[in-house]
Amino acid sequence: WRNPRCNGKLPPGSMGFPLLGETLQFFSRNTTNDIAPFLKERMKRYGPVFKTSIVGQPVIVLTDPDLNHFVFLQEGQLFQSWYPDTFTKILGRQNVGSLHGFMFKYLKNMVLSLFGPESLKKMLPEVERTACRRLQRWSIQETVELKEATAAMIFDLTAKKLISYDQDNAPQNLRENFVAFIKGLLSFPLDIPGTAYHKCLQGRKNAMKLLKNLLNERRAMPGKSRSDFFDFVLEELQKEGTILTEEIALDLMFLLLFASFETTSMALTLAVKFLSDDPSVLKKLCEEHEKILRNRENTDSGLTWKEYKSMTYTFQFINETVRLANIAPVIFRKAIREIHFKGYTIPAGWAIMVCPSAVHLNPAKYKDPLTFNPSRWEGVEINGATKNFMAFGGGMRFCVGADFAKVQMAVFLHCLVTKYRWEPIKGGNILRTPGLQLPDGFHIWLMEKTGMKVIARDSKGMEKKKTQVYHSAQQKATGISLTQHHHK
Ligand code: HEM
């Protein structure tokens, strides 16, 4: 195991113990915003490219911006998506990668049209209504566990858009099943009743059943077109010679819902934490949004697309948030054939670990990389991925929901800073395990519970409601409190 066969020279690095490889070191927690110690130590010892072995799989780790970018660009040519077996097992699929291939070739345009600029333009008022309503609700609550609350908000909106699912009036709770699924993803794989792993499998099963019922209900009641994912699937399934099956369609549905709410809620939670930590950033963001309101003829009219597009500092703020959030700190691929580069050989079948976190925190690319500084994006046009920015992936697999995520974040921040103020109560620190990757490329990491105390504020910025009770249920729960105010 120590010297795997190779028709050339493998990069430096250690293959660890037999079978176990360096799995344990890889999965050890990183409680900082910095590059995971697993990567940092090895980058120091071996340089930007090294070999290792994780979950029984030989892996080449790439931490250099150019090489990472190269892998994204070679998708389908030299590399393809790959997921560790534990995930394919949870999903009950032999090869989630091929499901992705399918999604890519066949349904990507559909997803893009659902979350493309034209749809987002139409969706804007609803996104704003949703954010305002949630914040209002939070402001009469004692405190809010922020990560959970934003995840609920985003899940409900996405499910409504994708499958016209109304969480408030549905007989069964689709979101609960997703929550059970996510909680168990980091657990020990012991499938007996009561364990998180068991609940994860059950959550996945129940969610799939629910999605299937919803699809069947839709099939039984064709009626008016809602122009959502289900309409598209039903139309496609009826086509002669289609390669789409109901099973694949439901799988994709599950992945899309999952891909959208964990990621965006994580980013929003960190955004609020960064704002809480830096009053000068908050001041600048407030100024941008209050100016939008000031320039309006009618202060109560909703956000327009033009106003959204004018949020220059907000986009810098969002870029900086996702750069530091590193929601996908590493992304896996597999070498389709033998690859030679820089004097090294990557044997066919080896996994490749692309490391966006190493790129985003590289001091040669970002001055003081651990400092949250939205202004570093001033004048930088970012629509998609670059060699130095890959928070949403890159190449052909670039995130299809990136624009949707940005709309949701910007609109939420608009409502938050123009109508509320808040106090962090506790926490919000990141506890991540860098190695766990889910279909769609997201790493699951744990975050200390975060909470908000929400207070309404009046036209003079004075507190309207004095509700300041700590969210109690979670031992680790933490809070941020919000105060509502009306724009002067
Ligand atoms: C802040 C929020 C988000 C972040 C940081 C993020 C990040 C990413 C990354 C890094 C990838 C590339 C994975 C890879 O190369 O293997 C990706 C792909 C993807 N994302 Fe996002 N994402 C976010 C929001 C969303 C949302 C809201 C949706 C759904 C509407 C979504 C749907 C997808 C899908 C379906 C793919 C796979 C695309 C493909 O394989 O071609 N994401 N995302």
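**View 1. Surroundings of C399, a position listed as a binding site.** The unreviewed UniProt entry lists C399 under "binding site". The model shown in this and the following views is predicted. C399 lies in a loop, with α15 (356-360) on one side in sequence and α16 (402-419) on the other. Because 24 C-beta neighbours fall inside 10 Å, C399 counts as buried. Leaving aside residues up to four places away in sequence, C399 touches F392 and G393.

**View 2. Packing of helix α6 against α16.** General description of such a pair uses the angle between the two axes and the distance between them. Here the axes of α6 (residues 117-139) and α16 come within 9 Å and cross at roughly 40°. The crossing is right-handed. On the α6 side the contact is made by P117, L120, L124, V127, E128, A131, C132 and L135. On the α16 side the contributing residues are D403, F404, V407, Q408, V411, F412, C415, L416 and K419. Sorted by character, the residues of this contact comprise 13 nonpolar, one polar and three charged.

**View 3. The five-stranded sheet.** The strands form an open sheet in the order β1-β2-β8-β5-β3, with mixed pairing. Since β1 (49-54) and β3 each have a single partner strand, they stand at the edges, and one side of each is left without a neighbour in the sheet. Neighbouring strands are turned by 35° against each other on average, direction ignored.

**View 4. Strand β5 and its two neighbours.** Strand β5 covers residues 331-335, and four of its five residues are buried. Towards the edge of the sheet, β5 is joined to β3 (residues 79-81) by three bridges, and the two run antiparallel. R333 of β5 is the bridge partner of S81. With β8 (residues 351-354), β5 pairs over four bridges, also in the antiparallel sense. In this pairing R333 stands opposite I352 of β8. R333 is thus shown with S81 and with I352.

**View 5. Pairing of β1 with β2.** In general, strands of a sheet pair through backbone hydrogen bonds, either parallel or antiparallel. Strand β1 and strand β2 (residues 57-62) run antiparallel and are joined by six bridges. Among the residues involved, F50 has V61 in β2 as its bridge partner. β1 is an edge strand of the sheet shown in View 3, and β2 stands between β1 and β8 in the strand order.

Conventions:
Residues are numbered from 1 along each chain as its sequence is written. This is a predicted model: local features need pLDDT of at least 70, side-chain atom pairs count only at pLDDT 80 or more; totals for chains, interfaces and linings use all residues. UniProt positions are given in the numbering used here, feature names are shortened, and annotations may be inferred rather than shown by experiment. A residue is buried if 20 or more other C-beta atoms lie within 10 Å of its own, exposed if 12 or fewer, and partly exposed in between; C-beta atoms are placed from the backbone. Two residues are in contact if their C-beta atoms, placed from the backbone, lie within 7 Å. Two strands pair if DSSP finds at least two bridges between them. Axes are lines fitted to C-alpha atoms, for helices over the stretch in contact, and angles run from 0 to 180 degrees between N-to-C directions. A crossing is left-handed if the near helix is turned anticlockwise from the far one by less than a right angle, and right-handed if clockwise. Ala, Val, Leu, Ile, Met, Phe, Trp, Tyr, Cys and Pro count as nonpolar, Asp, Glu, Lys and Arg as charged, and the others, Gly among them, as polar.
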